[in-house]
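User: Could you take a close look at one part of this model for me? I work at the bench, so plain wording would be welcome.

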Amino acid sequence: MGKTTVSAFSKRREANEKIVMVTAGSAPEAAAAFAAGIDIILVGDSLGMTMLGFSSTLPVTMEMMLHHTMAVRRGAPEAFVVFDMPFMSYHCGIDEAVRNAGRALQEAGADAVKLEGGADPELVRRLVTSGIPVLGHLGLLPQSIQTAGGYKVVGRTEAAADKLVAEARALEEDGAFAVVLECVPAALGERVTRVLRIPTIGIGSGAGCSGQVQVLYDILGLSGRVPKHAKCYAELGDLMRRALADYASEVRNGVFPAEENTFK
Ligand code: KIV
């Protein structure tokens with residue numbers, strides 16, 4: 001079987017088969033996601049908050065994203081990997097944006113890029129005609145929290161919902177292969193899914209989307225606070241703390257290293 005290409009996701013949508021996407025930022029995370037049968041690995045700029053300790057995604061740079069995407073690619077050579085274009089990497093002119101997106105594929109081995117917002121139609125078209133598949137991202141846009149005034153549900157009014165539907169349609173027309181819908185009311189998630197031919201991938205946008213995406217650290221209990229739209233499938237944070245406390249205690253009590261950990 002060959003590697004997945006973007007056309008596979010449209011077929012999945014037509015066949016009403018849900019698409020599963022999760023974030024990853026390291027080789028072992030990517031290997032686990034691929035082994036678990038996840039369809040798309042997103043190297044999301046949320047790694048700035050989950051892995052790098054920033055309080056928002058704004059400080060994340062191209063170099064950081066390339067570094068993490070290379071690790072993900074090494075961990076899952078066969079996976080379909082999406083590179084999340086970081087803040088200011090696609091806002092300062094189309095040529096620079098295309099060059100940055102090109103680096104994601106050429107240097108880091110990504111298969112596609114994700115852009116937040118009702119992106120400049122010319123940019124989406126230029127990327128797609130340059131051979132760079134584009135995943136759109138509408139609704140709550142973490143890179144715009146300064147102008148949006150915080151992390152809030154988007155599209156609650158009729159006007160806001162209509163605007164989002166128009167942006168989703170434009171992304172489809174310009175050639176995006178799918179659209180992430182972040183924190184929009186479930187009815188709007190369903191509406192966008194109905195009007196588009198390309199898949200919608202929801203996060204906090206209800207079960208009516210063509211697929212779902214979650215931040216790995218939220219669903220594994222590693223991010224401290226689980227957002228309403230996420231579900232914790234394991235408490236790895238607690239497990240890690242307990243394991244490290246056991247290790248510290250065994251070293252201090254002379255239990256570790258034992259005979260079997262010692263070279264004769
Ligand atoms: O960066 C990220 O993790 C994302 C998802 C929330 C879709 O963009």
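How far is an oxygen atom of the ligand from an N or O atom in the side chain of Lys 114? Please tell me about the surroundings too.

Analyst: Happy to help! This is a predicted model, so to speak with its own ground rules: local features need pLDDT of at least 70, side-chain atom pairs count only at pLDDT 80 or more, and totals for chains, interfaces and linings use all residues. Residues are numbered from 1 along each chain as its sequence is written, and side-chain values use heavy atoms, with hydrogens and water left out.

The distance you asked for is 3.0 Å, between an N or O atom in the Lys 114 side chain and an oxygen atom of the ligand. That makes a polar contact (a pair of N or O atoms within 3.5 Å; within protein, one must be able to donate a hydrogen and the other to accept it, and residues adjacent in sequence count only if both atoms are side-chain atoms). Asp 45 has a polar side-chain atom 3.1 Å from a ligand oxygen, and for Asp 84 the value is 3.1 Å. The protein covers 96% of the 260 Å² of accessible area that the ligand has on its own (Shrake-Rupley method, 1.4 Å probe; for residues, only the protein chains shown count as cover). Residues around the ligand, with a heavy atom within 4 Å of it, include Thr 23, Ser 46, His 137, Glu 182 and Val 215.

Lys 114 also belongs to β4 (112-114), which is among the elements covering the buried residues of α6, along with α5 (94-106), β5 (134-139) and α8 (158-174). Covering here rests on contact, meaning heavy atoms within 4.5 Å. Helices (H or I, at least four residues) and strands (E, at least two) are DSSP runs, numbered from the N terminus.

Within α6 (residues 121-129), Leu 123, Val 124 and Leu 127 are buried. They fall within an arc of 100 degrees seen down the axis, so they line one face of the helix; the arc is that of the directions from the helix axis to the C-beta atoms. Buried means under 20% relative accessible area, exposed over 50%, and partly exposed in between (1.4 Å probe, protein chains only). In general, an α-helix has 3.6 residues a turn, so residues three or four places apart point the same way.

As for the ends of α6, Asp 120 caps the N-terminal one, with a side-chain oxygen 2.9 Å from the backbone nitrogen of Glu 122. After the helix comes Gly 131, whose phi is positive, near 90 degrees.
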